[in-house]
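Work through the exercises below with the sequence and the 3D structure at hand. Try each task before reading its solution.

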Amino acid sequence: MKVNDIASKVTSFTQYQDINSYEEVSQNAKEVWAKLTWATENAKMYNNREALTGNDETNYDNINLSVKEFEPFYNLWTTTDLWRKSHKSWLNDDFDKLDA
């Protein structure tokens, strides 16, 4: 996956505003987060290899910027998903059985 494609997906998250589609959006957020994590890890690996071979390190600031930009969306939608799926249990189940 290209970094520009990931950045495009990050930018597209501003369109999601309907709380009723939280399951779909949360799943999309988890997929984008996994891609960002993959890109961050690979950027570090490539920079380490470049340093080992004496080459100039490639600037991957755009990946870090995408992570910073996306994190609030990821937190919002994954927390909404967890809340919607768990709140009845939190309110009605025995306290000893809660997994919070």
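The exercises go from the whole chain to its helix contacts, its core and two single residues.

This is a predicted model, in which local features need pLDDT of at least 70 and side-chain atom pairs count only at pLDDT 80 or more, while totals for chains, interfaces and linings use all residues. Residues are numbered from 1 along each chain as its sequence is written, and side-chain values use heavy atoms, with hydrogens and water left out.

**Exercise 1. Describe the secondary structure and the overall dimensions of the chain.**

Step 1. The chain has 3 helices and 0 strands; helices (H or I, at least four residues) and strands (E, at least two) are DSSP runs, numbered from the N terminus. The order from the N terminus is α-α-α.

Step 2. The radius of gyration is 18 Å, where a compact globule of 100 residues would have one near 13 Å. This radius is taken over C-alpha atoms, and the globule rule is 2.2 Å times the number of residues to the power 0.38.

Step 3. Along the principal axes, the C-alpha atoms fill a box of roughly 60 × 35 × 20 Å.

Step 4. Of the contacts with a separation of 6 or more, 68% join residues 24 or more positions apart; contact means heavy atoms within 4.5 Å.

**Exercise 2. Work out how α2 packs against α3, and then how α1 packs against α2.**

Step 1. Helix α2 (residues 22-52) and helix α3 (residues 61-92) have axes 8 Å apart, at an angle of about 145°. Axes are lines fitted to C-alpha atoms, for helices over the stretch in contact, and angles run from 0 to 180 degrees between N-to-C directions.

Step 2. The crossing of α2 and α3 is left-handed, that is, the near helix is turned anticlockwise from the far one by less than a right angle.

Step 3. Residues of α2 that meet α3 include Y22, V25, A29, L36 and A43, and those on the α3 side include I63, F70, W77 and R84. By class, this contact of α2 with α3 has 13 nonpolar, 5 polar and 6 charged residues. Ala, Val, Leu, Ile, Met, Phe, Trp, Tyr, Cys and Pro count as nonpolar, Asp, Glu, Lys and Arg as charged, and the others, Gly among them, as polar.

Step 4. The axes of α1 and α2 cross at roughly 145° and come within 10 Å. This crossing of α1 and α2 is also left-handed. I6, K9 and V10 of α1 meet V32, K35, L36 and A39 of α2. The contact of α1 with α2 divides into 5 nonpolar, no polar and 2 charged residues.

**Exercise 3. Find the largest nonpolar core and follow W77 within the fold.**

Step 1. A nonpolar core is a set of buried Ala, Val, Leu, Ile, Met, Phe, Trp, Tyr and Cys residues joined through side-chain atoms within 4.5 Å. Buried means under 20% relative accessible area, exposed over 50%, and partly exposed in between (1.4 Å probe, protein chains only).

Step 2. The largest nonpolar core has 15 residues, and F13, A29, V32, L36, F70 and W77 have the most contacts inside it. At least two residues come from each of α1 (3-12), α2 and α3, and α2 gives the most, with 7.

Step 3. Beyond its neighbours within four places in sequence, W77 touches F13, Y16, Q17, D18, I19, Y22, V25, S26 and A29.

**Exercise 4. Decide whether N47 and G54 are buried or exposed.**

Step 1. N47 lies in helix α2. Its relative accessible area is 16%, so N47 is buried. Outside its neighbours within four places in sequence, N47 is in contact with E57, T58 and Y60.

Step 2. G54 sits in the loop between α2 and α3. With a relative accessible area of 63%, G54 is exposed.
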